[in-house]
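Biologist: I should like to go through this model and test each descriptive word against its cut-off. Shall we begin?

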Amino acid sequence: MTRAAGDAIVVTGVAQREAWQARVLPPVERLAGGIWSVPVPIPRSPLRYTLSYLIPADDGLVVIDPGWDSDEGWAALESGLRAAGAAPGDVLGVVVTHVHSDHHGLSKRLQETGAWVAMHPAELDALNPSGSPADWLRAHDVPEQEIAALAGTIGQHRLSEPARPDVLLEDGDAVPVKGRTLRTVWTPGHTPGHICLVEPEAGVLLTGDHLLPRISPNIGLQRPGSSPLEAFLESLEQVAAHDELEALPAHEYRFRGIAARARQLRAHHDRRCEEIVATVERLGTPGVWELASQLTWSRPWEEIGPMRVGAVAETMAHVRYLADRGALTWSGDVVTAAPQR
Ligand SMILES: [Zn+2]
C-alpha cells in the first residue's frame, strides 16, 4: 500500500494525472470496491471535467456528482454507465456534494428517469437565491462600472431549473441504499452544505471540491453573518481524521495523504491571512474591492475578468475570519488594521 509521508500527497490516479498533463480526458476506471470513476466534460472550463462516481449497491446504482448538463456530458455519463453494465434507468439515486453546476447539472436528467436526488439541507438556500448578484456586489461597495462590466458573467454557477432534492442528508447520515455503506460527512466551506462521503469497505473518501490534489477550492462569503473560512478550516480537520482512506475528488486525480493535503490547504489560508493583514496596514482603510485588487492572484488583477467576483468573495471570507479574531476590523464599508495591543 502506498502511504503519503510527511506533507506530501501520493497520486493514485496515475492515468488521470497523465491525461491531465496531456490535456486529454482521463479514462473511465473501475476502482476498489467496484466503484467506477467517470470523467464528465465541462465545456470551456479550466477544470475540464468532473469526476463522477458510480457506486453499485444491491438495489441499484448511486451516482455521485453527475456533472455539467450538456449533451456531451450526458453521453460521457451514459458511456460510463455502459462500462459498469448499466443504463440511466438503473440509477437508483444521485448524491451531490454541492449544487454547483459542474456537479449538480445532470441530476435533473437522472431524476427525470426515476432516480431520487440527495443533498445536504444547507444547499437548499443556493437553490432559492434571494436577491440578484448585482445587489450583492452593490451591498459590498463594488463600484457601479465594475458591476456593469461583470453583468452576464455573475451567477454563472446557478442552474436555471436545478433538480430539487428528494432526500436530505445530514452529517453522519447513511445514503439510503442496500448492501453498501456510504456515510455523509458535512464539510461546509466551499458551499454551506458541501458534503464528503465515506465508503469504509472500499477504503475511500469522496471529497467533492473540499479536497482537490492541486488547487484550493474557492471559499467565498455568501451570506452576511456567516464565516465560510472558519467553517472550511474546521471541515479540513473533519476529513484529516480519515487519513487512512484514499481521496476520490470531483476534479483532477485520486490521491492518498488526506491529512497532508488538509495541512497544505490550511497553510495556504494562513499565508493569505498574513498577506491581507499586511496589505491593510499598507493601504490604511481600504474597501474590500480595493483590498482584493491589491492581493496576489494566479493572474494579474487586470486579467482576472469575471473571476473578480469570486476573488472579492474570497477576500471577504478572509476579512470576516480575521475580523472575528480581532486581527482586523471591518465596518462593512472599510477594513482597518486592529489597534496594536
Ligand atoms: Zn464547486
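Biologist: Which residue follows α9, and what is the sign of its phi?

Modeller: G284 comes directly after α9, and its phi is positive, near 95°. Residues are numbered from 1 along each chain as its sequence is written. The model is predicted: local features need pLDDT of at least 70 and side-chain atom pairs count only at pLDDT 80 or more, whereas totals for chains, interfaces and linings use all residues.

Biologist: What makes α9 a helix of the expected span?

Modeller: Helices here are DSSP runs of H or I with at least four residues, strands are runs of E with at least two, and both are numbered from the N terminus. Helix α9 covers residues 258–283, which is 26 residues. The expected span is 1.5 Å times one less than the number of residues. For α9 the expectation is 38 Å, and the 37 Å from its first C-alpha to its last is close to that.

Biologist: Which residues of α9 are called buried?

Modeller: They are I258, R261, A262, L265, R272, I276 and V280. A residue is buried if 20 or more other C-beta atoms lie within 10 Å of its own, exposed if 12 or fewer do, and partly exposed in between, with C-beta atoms placed from the backbone.

Biologist: Why is L233 called partly exposed?

Modeller: L233 has 18 other C-beta atoms within 10 Å; this count falls between the two limits, so L233 is partly exposed. The residue belongs to helix α8, residues 228–240.

Biologist: Which residues does L233 touch, apart from those up to four places away in sequence?

Modeller: L233 touches R266 and H269. Contact requires the C-beta atoms, placed from the backbone, to lie within 7 Å. A separate distance concerns P188: its C-alpha is 9.1 Å from that of L233, although the two are 45 residues apart along the chain.

Biologist: Two residues other than glycine have an unusual sign of phi. Which environments do R23 and D65 have, buried or exposed?

Modeller: Most residues other than glycine have a negative phi. R23 nevertheless has a positive phi of about 60°, and D65 has one near 50°. R23, in the loop between α1 (14–22) and β2, has 7 other C-beta atoms within 10 Å and is therefore exposed. D65, in the loop between β5 and α2, has 27 such neighbours and is therefore buried.

Biologist: What makes β4 a mostly covered strand, and which strands are joined to β4?

Modeller: Eight of the nine residues of β4 (residues 49–57) are buried. Strands pair if DSSP finds at least two bridges between them. Strand β3 (residues 36–41) is joined antiparallel to β4 by six bridges, and β5 (residues 60–64) is joined antiparallel to β4 by five. Both counts satisfy the rule, so both are pairs. L54 in β4 stands opposite W36 and has V63 as its bridge partner in β5, while P56 stands opposite L61 in β5. A hairpin is formed by β4 and β5, with two residues between them.

Biologist: How do you know which strands are the edges of the sheet?

Modeller: The open sheet has seven strands in the order β2-β3-β4-β5-β6-β7-β8, with mixed pairing. β2 (29–30) and β8 (167–168) each pair on one side only, and these are the edge strands.

Biologist: Which residues of the largest nonpolar core touch the most other members?

Modeller: Such a core is a set of buried Ala, Val, Leu, Ile, Met, Phe, Trp, Tyr and Cys residues joined through C-beta atoms within 7 Å. Among the 80 residues of the largest one, Y53, L54, V94 and L205 touch the most other members. Helix α12 (residues 308–324) gives the most to this core, with nine residues. Beyond four places in sequence, the contacts of L205 include V198, V239, L245 and I258.

Biologist: How do you know that the radius of gyration of the protein chain agrees with a compact globule?

Modeller: The radius is taken over C-alpha atoms, and the globule rule is 2.2 Å times the number of residues to the power 0.38. For 341 residues the rule gives a value near 20 Å, and the protein chain has 20 Å, so the two agree. Of these residues, 43% count as buried.

Definitions and conventions
Two residues are in contact if their C-beta atoms, placed from the backbone, lie within 7 Å.
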